[in-house]
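The following exercises concern salt bridges, a helix and a cavity. Please study the sequence and the structure before reading each solution.

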Amino acid sequence: MNFLRNLLAAILGCLVAFGIIFVMFFVFVTLLGSGEDTVVVKDGSILELQLQRPLVDYTGSSDLDPFSGLFDKSQGLDEVLHAIAVAKDDDRIKGISINNNFTIAGLAQTQAIRKALEDFKDTGKFIYAYADFYLQKDYYLSSVADSIFMNPVGAMDFKGLSTEVLFYKDLQEKAGIKMEVIRHGKYKSAVEPYLENEMSESNRRQIKELIQSLWNSMIADIAVGRGISEDDLNTIADTLGGRSPKLAKRSGLIDDVIFYDEYEGKLADALGESKEVKVTALEDYARYANKKTMASGSDKIAVIFAQGEILYGEGSPEIIGQGIINDALIKAREDDKVKAVVLRVDSPGGSALTSDIIWREVELTKRIKPVVVSMGNVAASGGYYIAAGADRIFAEPTTVTGSIGVFGTVPNISELAKNIGINSEQVGTNANAVDYSLFSPMTDSFRNTIQEGIEETYRTFLERVSQGRNMSVAEVDSVAQGRVWSGVDAKRLGLVDELGTLEDAIAEAANMAELKGYGVKKYPKYKSGFERFMEDVGGASATAKAEMLREEIGEDAYTLWKEVKSVMTQKGVQARMPFTLHIK
């Protein structure tokens, strides 16, 4: 009986798998056969900008992938910016409607989109924006619009930036589980939550100055977009003068309070049309735009995307490993058609060893071809380490960077072991054969050995930056110590050369290579969303399991779980962001 049951289950499983493959094949053939016709853009259309998926700098999907966007849970910033650039010159697109809530993107990514929208407006085309409610990042993006509208019963969050840091010292003492910490850098506060119950003054000062600089960049842009002075914008934030639709209109943050059907009427008026407004969704238009090359030529600029934590190993779309990144650098270096390289960095750092391995490959590439770095949301600690050797460094004003410092954390459960009746004994052949046990307190000799490694890594970090930035080691040390900076402050201190977008960095690379006409070649190439989907058919991948956990426990709990897991799995000396920053 069990044999028949198992046989039937196996047959059913094969049929299901075959059915899925057949459906995928059918969709594949359908999409390939339809080509560009799958996206219909009518004359007099409005491009609707609605960012519905988490934004990453680069998804790695091929432009020829017919399933691009169907199986990916994230959206590429490069695709969004390219779509807006194509729409700018598309006579069928008359304007853009920003109909967006909960922008899942970093501040620098949001600023890059806003800059692309400013370029779009320069053609004389219009941009309107509507929301049921505005969070600060959403409003910042929408403030580029010619006119902004809000639902009569909506709300606005406009109060300035803040962040929160959790401390675990008491929890460690109560649980008997602690993190042994070895660090260099008075601002290297990634480990502070394990040592203290409250924020140090140095940490409070750097966080305050960082978010103040980011806020200043935001309101400077909003002031231009809305014609309101920065002082008045700060007064509105201090008094919550935009908390309701009526107050937001009275303060000048928005133009009118209307329902969505009335907003559609505004769009029709802007088009000069009395009939139904023709709208093309950004995700659909991006598939069309992918086939339109903005820059072309036999000479190429290689753009290598390094995004995520830096961990030793091969790497992935979410993790910077020396395997994938160095392979991309070598391919670009050895490709005769590639005349310059742009390294796009979006990383809070991680393994110091991996960072140095990648730094070396950047150095080797720089000897042959110009290397320019473009910094995204974060290029801090290890993220700055791999950027420091470039010929030129560009950052967004709202990029979080710097954090030149290192630390090590080692979990220890000796107190917990003692409380529950576990005693450990070690035997070794030599004086230092037994260096550390999870079940015993850390010895002074082991701590001194780790501290020596930390100090050596920090000195190496300083030397790498000193060499790359043409600064003395003392000058680097004065702005290092784990301190984080905004892009604006980093430029003032000499840690970056220019404030600008990825496109600005590409243009500079072309200029350094003395190119007039050129194309862009993107690295690395990852498996497509369809390929990852098919791998998941037989069982949930790590990514799929993570997504299921996120949905089960909620975003806040999932974020905390990721932070704890990251700390517990760290190996070796870390060049990592001094704290986890959730700005709101």
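**Exercise 1: A salt bridge within one helix**

In this predicted model, Asp-489 and Arg-492 form a salt bridge in which the closest N and O atoms are 3.3 Å apart. Determine how the two residues are placed in their helix, and whether each is buried or exposed.

*Solution.* Step 1: Asp-489 and Arg-492 belong to helix α18 (residues 487-493); because they are three residues apart, about one helical turn separates them. Step 2: An α-helix has 3.6 residues a turn, so residues three or four places apart point the same way. Step 3: Buried means under 20% relative accessible area, and exposed means over 50%. Step 4: The relative accessibility of Asp-489 is 17%, so Asp-489 is buried. Arg-492 has 57% and therefore counts as exposed.

**Exercise 2: A second pair in a helix**

Describe the salt bridge between Glu-456 and Arg-459, and classify the accessibility of both residues.

*Solution.* Step 1: The N to O distance between the side chains of Glu-456 and Arg-459 is 2.6 Å. Step 2: Both residues are in helix α16 (residues 444-469), three residues apart, which is about one turn of the helix. Step 3: Glu-456 has 41% relative accessibility and is therefore partly exposed. Arg-459, with a relative accessible area of 42%, is also partly exposed.

**Exercise 3: A pair distant in sequence**

Which parts of the chain does the salt bridge between Arg-344 and Asp-57 tie together?

*Solution.* Step 1: The closest N and O atoms of Arg-344 and Asp-57 are 2.9 Å apart. Step 2: Arg-344 is in strand β13, whereas Asp-57 is in the loop between β2 (55-56) and β3 (75-76), so the pair joins parts that are 287 residues apart in sequence. Step 3: Both Arg-344 and Asp-57 are buried.

**Exercise 4: The surroundings of helix α19**

Which residues of helix α19 (residues 502-512) are buried, and what covers them?

*Solution.* Step 1: The buried residues are Leu-502, Ala-505, Ile-506, Glu-508, Ala-509 and Ala-510. Step 2: Their cover includes β10, β13 (338-347), β15 (371-380), β16 (392-395) and β21 (519-523). Step 3: At the N-terminal end, Thr-501 caps α19, with a side-chain oxygen 3.3 Å from the backbone nitrogen of Glu-503. Step 4: Glu-508 also takes part in a network of salt bridges with Arg-392, Arg-469, Asp-497 and Glu-498.

**Exercise 5: The cavity**

Which elements give two or more residues to the lining of the largest cavity?

*Solution.* Step 1: The largest cavity holds about 30 Å³ of space. Step 2: Its lining residues include Phe-305, Ile-319 and Tyr-526. Step 3: The elements sought are β10 (300-307), β12 (319-320) and α12 (322-334).

Note on methods
Residues are numbered from 1 along each chain as its sequence is written. This is a predicted model: local features need pLDDT of at least 70, side-chain atom pairs count only at pLDDT 80 or more; totals for chains, interfaces and linings use all residues. Side-chain values use heavy atoms; hydrogens and water are left out. On a 1 Å grid over the protein atoms alone, a cavity is a set of points where a 1.4 Å probe fits but cannot get out, and a pocket is an open set with protein on both sides within 12 Å along at least five of seven lines; lining residues have an atom within 4 Å of a point. Grid points are joined across faces, edges and corners, and a volume is the space filled by probe spheres set on the points. Helices (H or I, at least four residues) and strands (E, at least two) are DSSP runs, numbered from the N terminus. Buried means under 20% relative accessible area, exposed over 50%, partly exposed in between (1.4 Å probe, protein chains only). Contact means heavy atoms within 4.5 Å. A polar contact is a pair of N or O atoms within 3.5 Å; within protein, one must be able to donate a hydrogen and the other to accept it, and residues adjacent in sequence count only if both atoms are side-chain atoms. A salt bridge is a side-chain nitrogen of Lys or Arg within 4 Å of a carboxyl oxygen of Asp or Glu.
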